[in-house]
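Here are some questions that a newcomer might put to a model of this kind. Each answer sets a value against the rule it is judged by.

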Amino acid sequence: MLAAIKESSIEVWDHRDLLEQLTLRDIKLRYKQAAMGFMWAVFMPCLIVLSGLIIRYAMARLSGTTLVRADIANIAVKGVGWAFFVGALGFATASLVGNSNLVTKIYFPREVLPLSSVAAQSFDTAIGLVTLVVILPFLGVVGHVSMLWVPLLLVLLVLFTTAASLFLSCANLFFRDVKYIVQIVLMFGIFFTPIFFEPSMLGTRGAHLAMLNPLTGILEGMRLSIVNGHNLMYPLTTLVHGVETPVWEPWELVYSAVCAVGGMIGATAMFRKLQPLFAEFI
Amino acid sequence: MTDIAVEIDSLWKKFRRGERQDSLRDLIPAAVRRTLSGPRPSGELREDDFWALRDVSFAVERGTALGVIGHNGAGKSTLLKILTRLLQPTSGSYVTRGRIGALIEVTAGFHQDLTGRENVFLNGAILGMRKADIAKRFDAIVEFSGIGEFIDTPVKRYSSGMNARLGFSIAAHLEPEILIVDEVLSVGDYTFQGKCIRWMQNVLKNGTTVIFVSHNMDAVLALCNSAILLNHGRVAAQGELATVVAEYYKTGGHWAPKVMDNPTVTTISFSSNLGHDVVVPPGEQLTFAHTFTAAETIDLTPGFFIRRGDRMVTDTSYARMLGHPLRLRAGETTTLRWSLSMNLPAGIYEVGCHIEDIKGGYHDYSNKACVVTVGDDPRVKGDSYVGLKLEEGCID
């Protein structure tokens, strides 16, 4: 397994110019002949925030509370992260099959195809993040030391997304309906990942179940460290109907990190093992 | 010590015929069914499997060119795909010593919405070139392709010839140590093809090892040092160029009329006075004897032809020569003699016979053909051999 990962890393590094060219191609094609131009990059996060606001507004009305600026900031932070995950997986899943003319004709490490999809999506997300930095102060967010957690969380998000991309692109090559399964899972995944809500709203047991989603630790970690200024080293609880309910537990971070790194190792090894069969089975 | 650049040892490749289960929806029920019906012996050739390559072995010395020839479906592309790491052999091994560059479907990496310039960088990277190298060779690539001012136009506006020319030009600037070429010299117009051939000759001169797949025997003869003939995945012939190409012609590979279902006339033998496969100097006088027998009384017009690859050099028949058909009685055997001078340029020629009845039905077509290799006359060049001489006392 280690040999496979080493071989994969060396080959991808040798083909870094190809990775760059393919990423550039994906970005150019996204913005060439596109009416929305760079608006495209913030379109999806904006939609996520808007739909989140509608849901939170309804929830606030029913419970007799009001929507505060921090709620918007929470959804915006997690929305950008979720948009990255969904966008990257959407493009990456189809990346091998969509480039079948290359896969069957020319040899190069095939990892670069899903990797370039993730990289192109990272470009969009970078625009989203810059927008976020501009907007957040207006939503009452101030600088905290805890924001130092953000780079680590972003790395984990990229790693986890890349692992899923490698796995799904490969699976879609062998089984064409994987693409549709991914579409459906991503469509409803937003309800299984705490984007519009916080795990604590589900009660203690519900919160722990929600934390089993590897994205929970990453996205919740982002909003807590950015909006709440919470140091992720320490647990955080809140009172829901007089019951102390977990908001954050440090093991979430460890769990997400294990999923991201372990997923990366497993997916790379699997991809390497199956790669020689690609041209034959595509 | 000889320096071997490519070495292939007993390569086998199995493919599966028919559709493969390629969706989970089909796979899951099938997997359940398989589990219930018990395991299947593995490793054997199932009924829907077939061998695309069977026990193929060869070696290519550094700096030489090997022609890989064979009819459609003979396994040539499978062989190249294994050498370029696209496919894995079922068994056997191969070694390639040196950086491999492949000229196979040179426009595969193009994206239609990107400009020629962008595609040069993209396709170059796909072929394994570094960005800096592409930038350095960019002008040369554009120059070679003849795309000129259209380089900043999206390639979707290019003609198919322009597309192919640009694709070839990028690949041509790879500078690999081992070059694998699959039938790409036929891109572009006449001028560009000439450019490609000259480029190939140059590449060979610079010591690159070349594996060349083509149906164009003239190109194979002009560029290669040795050849290998594949037939249904097996090596049918290998080694000396002329012998292998001759073998290729003998196994068919071009148009042939449909022979009737119940022929009543059959060829017994067809050969020249020098034998079946002969090597002659240009201008040599040859006689071909064609012996055939008829099962019933019939009016025939036996024919004679010379082909070079897909080109018919000459073709005639008894009736066309003499103005009347040849009557054979039931059970009669006869021998026809054709004589000619091989006034042909150097090359490999297939000499064959056919037997038609006067209603136009083919009883036989060249299934016992001869192959005549005409050698070079170093004194003359050109497309035709006319036996040019200087008369004695030609100087007045």
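Domains and a helix pair in chain B

Q: How far apart are the centres of domain 1 of chain B and domain 2 of chain B?
A: In this predicted model, the centres, taken over C-alpha atoms, are separated by 37 Å. Domain 1 covers 4-20 + 47-250 of chain B, and domain 2 covers 265-374.

Q: What makes up the contact of domain 1 of chain B with domain 2 of chain B?
A: Domain 1 of chain B gives 8 residues and domain 2 of chain B gives 8 residues. On the side of domain 1, helix 7 (217-223) and helix 8 (241-250) of chain B are the elements that give two or more residues. Helix 8 of chain B has the largest share of that side, 5 residues. By class, the side of domain 1 of chain B that touches domain 2 has 6 nonpolar, no polar and 2 charged residues.

Q: Why is helix 3 of chain B called oblique to helix 4 of chain B?
A: The axes of helix 3 (residues 116-126) and helix 4 (residues 131-145) of chain B cross at roughly 125° and come within 10 Å. Roughly perpendicular ends at 115 degrees and roughly antiparallel means over 145. The angle fits neither class, so helix 3 of chain B is oblique to helix 4 of chain B. The crossing is right-handed.

Q: Which residues make the contact of helix 3 of chain B with helix 4 of chain B?
A: Helix 3 of chain B gives B:Val120, B:Phe121, B:Gly124 and B:Ala125. Helix 4 of chain B gives B:Lys131, B:Ile134, B:Phe138 and B:Ile141.

Q: How do the residues of that contact divide by class?
A: The contact of helix 3 with helix 4 of chain B has 6 nonpolar, 1 polar and 1 charged. Gly counts as polar and Lys as charged.

Terms used:
Residues are numbered from 1 along each chain as its sequence is written. Chains are lettered from A and ligands numbered from 1 in the order in which they are written. This is a predicted model: local features need pLDDT of at least 70, side-chain atom pairs count only at pLDDT 80 or more; totals for chains, interfaces and linings use all residues. Domain bounds come from an automatic or database domain assignment. Two residues are in contact if their C-beta atoms, placed from the backbone, lie within 7 Å. Helices (H or I, at least four residues) and strands (E, at least two) are DSSP runs, numbered from the N terminus. Axes are lines fitted to C-alpha atoms, for helices over the stretch in contact, and angles run from 0 to 180 degrees between N-to-C directions. Angles under 35 degrees count as roughly parallel, over 145 as roughly antiparallel, 65 to 115 as roughly perpendicular and the rest as oblique. A crossing is left-handed if the near helix is turned anticlockwise from the far one by less than a right angle, and right-handed if clockwise.
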